[in-house]
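Colleague: Got a minute to walk me through this one? I'd like to go from the overall picture down to single residues.

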Amino acid sequence: MIRFYAGFGREDYTPDKQVKLNSVKVSEVVEAPVKVTCTALGDGEKTVLIFSNDLRGATTWFVNQVKTRVGETTGIPASQIFVCATHN
């Protein structure tokens, strides 16, 4: 029998101070909470993590930092960790 596992989590990481948005602009107010959602999918042998961030974009540096830190914490290889940004 094939087993399939799924898990979901969400965390609010809204900054409590002004942050640099790009090389020139600094945030003035927080209009909406900034959250990350993670979906974990697995079959008991392999697990894949999908992170969706409330950001305008995910730079290569950011994606690599997430993959490295999550991989070190969980033991899941970076090739099985996916990071994207969703912003409306």
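Modeller: Sure; first a term: contact means heavy atoms within 4.5 Å. This is a predicted model, where local features need pLDDT of at least 70, side-chain atom pairs count only at pLDDT 80 or more, and totals for chains, interfaces and linings use all residues. Residues are numbered from 1 along each chain as its sequence is written, and side-chain values use heavy atoms, with hydrogens and water left out.

Colleague: What percentage of the contacts in the protein chain with a separation of 6 or more is between residues 24 or more positions apart?

Modeller: Take the contacts with a separation of 6 or more and pick out those between residues 24 or more positions apart. Their share in the protein chain is 50%.

Colleague: Which pattern does the protein chain follow along the sequence?

Modeller: Helices (H or I, at least four residues) and strands (E, at least two) are DSSP runs, numbered from the N terminus. There are one helix and four strands. Read in order, they give β-β-β-α-β.

Colleague: Why is the protein chain described as more spread out than a compact globule?

Modeller: The radius of gyration is taken over C-alpha atoms, and the globule rule is 2.2 Å times the number of residues to the power 0.38. For 88 residues that rule gives 12 Å, and the chain is well over it, so it counts as more spread out, with a radius of gyration of 15 Å.

Colleague: Which element supplies the largest share of the largest nonpolar core?

Modeller: A nonpolar core is a set of buried Ala, Val, Leu, Ile, Met, Phe, Trp, Tyr and Cys residues joined through side-chain atoms within 4.5 Å; buried means under 20% relative accessible area (1.4 Å probe, protein chains only). The largest one has ten residues, including F51, V66 and V83. At least two residues each come from β2 (35-42), β3, α1 (60-74) and β4 (81-85). The largest share, three residues, is from α1.

Colleague: Is N53 buried or exposed?

Modeller: N53 sits in strand β3 (residues 47-53). Beyond its neighbours within four places in sequence, N53 contacts Y13, K35, V36, F62, V83, C84, A85 and T86. Its relative accessibility is 4%, so N53 counts as buried.

Colleague: And which residues does Q80 touch, not counting those up to four places away in sequence?

Modeller: Q80 is in the loop between α1 and β4. With 14% relative accessibility, Q80 counts as buried too. The residues Q80 touches are K46, T47, V48 and L49.

Terms used. Buried means under 20% relative accessible area, exposed over 50%, partly exposed in between (1.4 Å probe, protein chains only).
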